[in-house]
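Trainee: Could you take me through one part of this model in some detail? I'd like to see how it fits in with what surrounds it.

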Amino acid sequence: MALNRIWVYAEAADGKVSPLTLELLAKARSLAGTVEAVYGGADADAVAGTLGAHGASKVLATGDLGGSLPGVPVASAIAKAVNDGNGPDLVMLGTSYDGRDVAARLSVALDKPVITNNIDIEVDGDSIVVTEPIFGGTKLVKTKFTAAGPHIALFRPKSFVAEEAGGGAAAVESLEVADAGQAKITNRHVEEATGPKLDEAAVVVSGGRGLGESDKYQLIEDLAKLLKAAPGASRAIVDAGWVPYSYQVGQTGKVVKPTVYIAAGISGATQHLVGMKGSKNIIAINKDPEAPIFSVADLGIVGDVHKVLPKLIEALQAR
Amino acid sequence: MPDMHVVVCVKQIPDPAEPGKLEGDNTLDRSGKLILDESDSYGVEMALQLVDKAGGGEVTLVSMAPNNETSGLRTALAMGAAKAILVSDDALSGAGALDTAKVLAAAIKRAEPDLVLAATESSDGYTGTVPEQVAALLGLPSITFAKEIHLEGETVKVQRQTEAGYDEVTCPLPALVSVTAGVVEPRYPSFKGIMAAKSKPVDELKVADLGLDASQVGAAGAGQEIVSVDDAPAREAGEIIEDDGEAFTKIVEFLDGLKVI
């Protein structure tokens, strides 16, 4: 078998393992007999239960990173294990802020390619083949690793479905950090968020440049509240400063797959489509009948958001 | 404050407004006009502002592109960058992210910068690993996803985006920082800037000039091979209607049918 042992880079915040990590563990389990989690942080014991339940037999933990960004220390620890002959066949990481840093640093440390933006992976005979969507998800590219392992691959959120395997807590072992890194976190700021989380909500209502001005984003907020939905945004209005970055849906930003996605005044640039075209149902409102968003819409309204949204809000309030 | 020498990695890409195409060997078709990746204009602007604030120094662009392409570089030079290093070599066709990083790192080394800026990812390839790989190859500390950058003596202070908000992160110079769109508002090149850009120096290099082995950084050295490119399953065509003033009722019906209201 081409894959015997897979390491999954595990991420957690306040002791809670990220959904992306659990998705990767589920896929890793289907590919290899031994799946282990690599964790950069002091609280490995707090996450070992969840990681074990999702199929990790061990948590290889770096211990306290001393405030360092994880990229350098975690990659150095994995590279050291590989160079000592204790490495895996494949390292799976999520496309997250820290996941990308770790993958990139690891690729240089091992002088191996990293294949990014994947949504799937399979074993084909002796080859490990990953799938990446391009051109806004209209084409799928399959790429195989041709160099010797360990292979490094980054996966987009929501590529796989997280599932418990029913195991007990994973055993915690230490992984030695070879380079502590010089970039240090001195302070953390958490933006207040109310209502459902963008990447977990069953309904998402997003607004774009077609709203015309930042005040009109209130229409999106109002509609979202009525539908118990999370409000989202296109990159254009995030860059314009109308809403914070945490609202952004797209290639850069959140990947969402809600039951219903409502795109209002969003033309549907590739950047945006990649982040939402996996939604089960898509409603688009845009005044340009040629807008690419209509190519993925189940219900498309060619019209002015300033007319359609207020009426829709009024109708929902009346129910 | 001492002079600041800033290198900005810039990519010249096919116009994102045009539909993308692949060549017969599955590399991206870059034969048409290439333009400055808009994501890179933020790094260029940030660099210009940091040099301004330091009261001295200059901004050098580093780019890798086929066919000695300079049109995107001229845009960034017109914004105010002083000069550019362009690596253009047929041997680089099919280069992966790590190979690209090796080429950029070798070129950046020549400029001996205090700070290297890059976008978080390009708008055509989206790999998003090159800046961090460049930092690793140069042995520099790095901070990715900056939404604010301040220099204080020999230290760079960055607000780095996170899932929940942002972290304040610091590291010593020299360093690499990748910037998000929104870190600054890029200026439009002035007419004077556009004219001046025509005569600014662009140092055109081959892979061999950088002391790299061409067989190690092109498709042959990529360590990966495309197996297939297929159309993704298309979504079934939906119902598109013109708003006659009552289209909102269609949305209500649709939501009703899905039992979300």
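Trainee: Let's look at the end of chain B: which residue in strand 13 of chain B is the bridge partner of A:Leu299?

Mentor: That's B:Glu239. Bear in mind that we're looking at a predicted model. The bridge belongs to a pairing between strand 18 of chain A (residues 299-302) and strand 13 of chain B, which run in the parallel sense with four bridges. Now go on to helix 7 of chain B, residues 247-257. Its buried residues are B:Ala247, B:Phe248, B:Ile251 and B:Leu255. They sit on the same side of the helix, because the arc they cover around the axis is only 110 degrees. That fits the usual geometry: with 3.6 residues a turn, an α-helix has residues three or four places apart pointing the same way. Turn to the other side of helix 7 of chain B and you find B:Thr249, B:Glu253, B:Asp256 and B:Gly257, which are exposed. As for what covers the buried residues, strand 13 of chain B is part of it, and chain A brings in strand 16 (260-264), strand 17 (281-286), strand 18 and helix 8 (305-317), among others. Just past the helix, B:Lys259 has a positive phi of about 60 degrees.

Step back to the whole interface, and 60 residues of chain B are in contact with 72 of chain A. Strand 13 and helix 7 of chain B are among the elements giving two or more residues to chain B's side, as are helix 3 (97-111) and strand 7 (142-152). By type, that side has 30 nonpolar, 18 polar and twelve charged residues.

How values were computed
Residues are numbered from 1 along each chain as its sequence is written. Chains are lettered from A and ligands numbered from 1 in the order in which they are written. This is a predicted model: local features need pLDDT of at least 70, side-chain atom pairs count only at pLDDT 80 or more; totals for chains, interfaces and linings use all residues. Two residues are in contact if their C-beta atoms, placed from the backbone, lie within 7 Å. Ala, Val, Leu, Ile, Met, Phe, Trp, Tyr, Cys and Pro count as nonpolar, Asp, Glu, Lys and Arg as charged, and the others, Gly among them, as polar. Two strands pair if DSSP finds at least two bridges between them. A residue is buried if 20 or more other C-beta atoms lie within 10 Å of its own, exposed if 12 or fewer, and partly exposed in between; C-beta atoms are placed from the backbone. The arc is that of the directions from the helix axis to the C-beta atoms.
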